[in-house]
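Please open the structure in your viewer and keep the sequence panel beside it. We will go from one selection to the next, and at each stop you can look for what is described.

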Amino acid sequence: MTPQTRENLRILLLTTLAAARGYAVGIDGLRLGLPAQLRRLDADEITAELAYLIDKGFVAVEAKAISPENREWKITAAGRDFLAMEGLA
Amino acid sequence: MKPRSDSKLKILPDDRQEQIFAWACTPKTEEHPGGLAYAREQLAADGLKVSMSTLSEFVSWYGLQQRFARAASRADQAMELARSRNPHMSPEAVRDLAQTVFTLEALDAKDPETFVSLEHLKLAQDSARTKAEFEREKIEISKRKLSLQEARTRAASAVQEAGKRLEVTPEVLKEILSAVDRRLMGEA
């Protein structure tokens, strides 16, 4: 993955989470917001970029009481601010 | 910070975005190319030039916004319903329920505009196919009716001639004619 593709992927993950209006989104839901060539990425590759966004404070893992192995993520206020500054929210 | 190329469409008013999305979902016709090319033409006519990739990205983004908005709306409704019907349900359980509804709706939902366009297209194709098939069938039936009538006339005439030659009684002739007719009708 090129640095530019990686950047696009991170932004697309954020915009997808922003579209969920406060709800958390799992890997399958996140794939809906990706173009065809990025939808084919392994869950691990997407999760790695989500981990980066978590480190930046833009994304949080949703705490789930049931089936926590099916992880879901939510955008944070900092993530929304970032998108707004980029003109993407 | 430099604005992204696709953001110029995303910051347009809602009704304008809806219009662009509708153009992009328009099927191809004899008058226009339909799809993204049609949306691009319409935008250009309005003085807004965008690349196909920008437009494509916008359409994907807009579709996702709509899809998630509908899912969130259904989840909010489920949350309200759960609260009103089960006042003892914990806020966490209500929230979990709503989250589940959101996830299911978001993954199951179809893009209605695309769906409707495809359905219209399919319907038009089916309708055209059905009409053409119906017309073909009508012509075939008429041909078969005509051909059968001619065969019956020829057979009746031949039987009557043979009957006269063989001096067959009218009753027997009638029976033979009836048998020939039944045979012809059975083959039809």
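**The sheet of chain A**

Begin by selecting β2(A) and β3(A), which pair in the antiparallel sense over three bridges. The model you are looking at is predicted, so please read each stop as a description of that prediction. Within this pair of strands, pick out Val61(A), whose bridge partner in β3(A) is Trp73(A). Now add β1(A) to the selection, and you will find that two bridges join β1(A) to β3(A), again with the strands running antiparallel. Here Gly26(A) stands opposite Glu72(A) of β3(A). With the three strands shown together, you have an open antiparallel sheet in the order β1-β3-β2 of chain A. The edge strands are β1 and β2 (59-61) of chain A, each of which pairs on one side only. In a regular strand, the side chains alternate between the two faces of the sheet.

**The whole of chain A**

Next, select the whole of chain A and follow the chain from its N terminus, where the elements run α-β-α-α-α-β-β-α. This comes to five helices and three strands. Of the 89 residues of chain A, 29% count as buried. Among the contacts in chain A between residues at least 6 apart in sequence, 48% join residues at least 24 apart.

Before leaving this chain, centre the view on Arg21(A), which lies in the loop between α1 and β1 (25-26) of chain A. Arg21(A) has a positive phi of about 50 degrees, although this residue is not a glycine. Is Arg21(A) buried or exposed? Arg21(A) counts as partly exposed, because it has 16 C-beta neighbours inside 10 Å, a number that falls between the 12 or fewer of an exposed residue and the 20 or more of a buried one.

**Chain B and its helices**

Switch now to chain B, which has seven helices and zero strands, and which follows the pattern α-α-α-α-α-α-α along its sequence. Of the 188 residues of chain B, 15% count as buried.

Select α5(B) within this chain. Its 18 residues should span 26 Å at 1.5 Å a residue, and its end C-alpha atoms are 26 Å apart, which agrees. The buried residues in α5(B) are Ala98(B), Gln99(B), Val101(B), Phe102(B), Thr103(B) and Ala106(B). An α-helix has 3.6 residues a turn, so residues three or four places apart point the same way. What do the buried residues of α5(B) pack against? They pack against β1 and α2 (27-32) of chain A, together with α4 of chain B. Leave Phe102(B) highlighted, and you will see that this residue touches Tyr23(A), Ala71(B), Ala72(B) and Ala75(B), not counting residues up to four places away in sequence.

**Where the chains meet**

Show both chains together and look along their interface, where 19 residues of chain A are in contact with 21 residues of chain B. On the side of chain A that touches chain B, the elements that give two or more residues are α1 and α2 of chain A. By class, that side of chain A has 10 nonpolar, six polar and three charged residues.

For a closer look at one part of this meeting, select α1(A) and α4(B), which pack at an angle of about 35 degrees with their axes 9 Å apart. The contact is made by Thr15(A), Thr16(A) and Ala19(A) of α1(A), and by Trp61(B), Leu64(B), Gln65(B) and Phe68(B) of α4(B). Sorted by class, this contact has four nonpolar, three polar and no charged residues.

**The nonpolar core**

For the last stop, turn to the largest nonpolar core, in which Leu13(A), Leu14(A), Leu17(A), Ala24(B) and Phe102(B) touch the most other members among its 42 residues. The elements that give two or more residues to this core are α1 (3-19), α4 (43-55) and β3 (72-75) of chain A, together with α2 (14-24), α3 (35-45), α4 (52-85) and α5 (91-108) of chain B. Which element gives the largest share of this core? The largest share, 10 residues, comes from α4(B).

Technical notes. Residues numbered from 1 in each chain as written. Chains lettered and ligands numbered in written order. Predicted model: local features only at pLDDT ≥ 70, side-chain atom pairs only at ≥ 80, totals over all residues. Helix = DSSP H or I, 4+ residues; strand = E, 2+ residues; numbered from the N terminus. Contact = placed C-beta atoms within 7 Å. Core = buried A, V, L, I, M, F, W, Y, C linked by C-beta atoms within 7 Å. Axes fitted to C-alpha atoms, helices over the stretch in contact; angles between N-to-C directions. Nonpolar A, V, L, I, M, F, W, Y, C, P; charged D, E, K, R; others polar. Expected span 1.5 Å × (residues − 1). Pairing = 2+ DSSP bridges.
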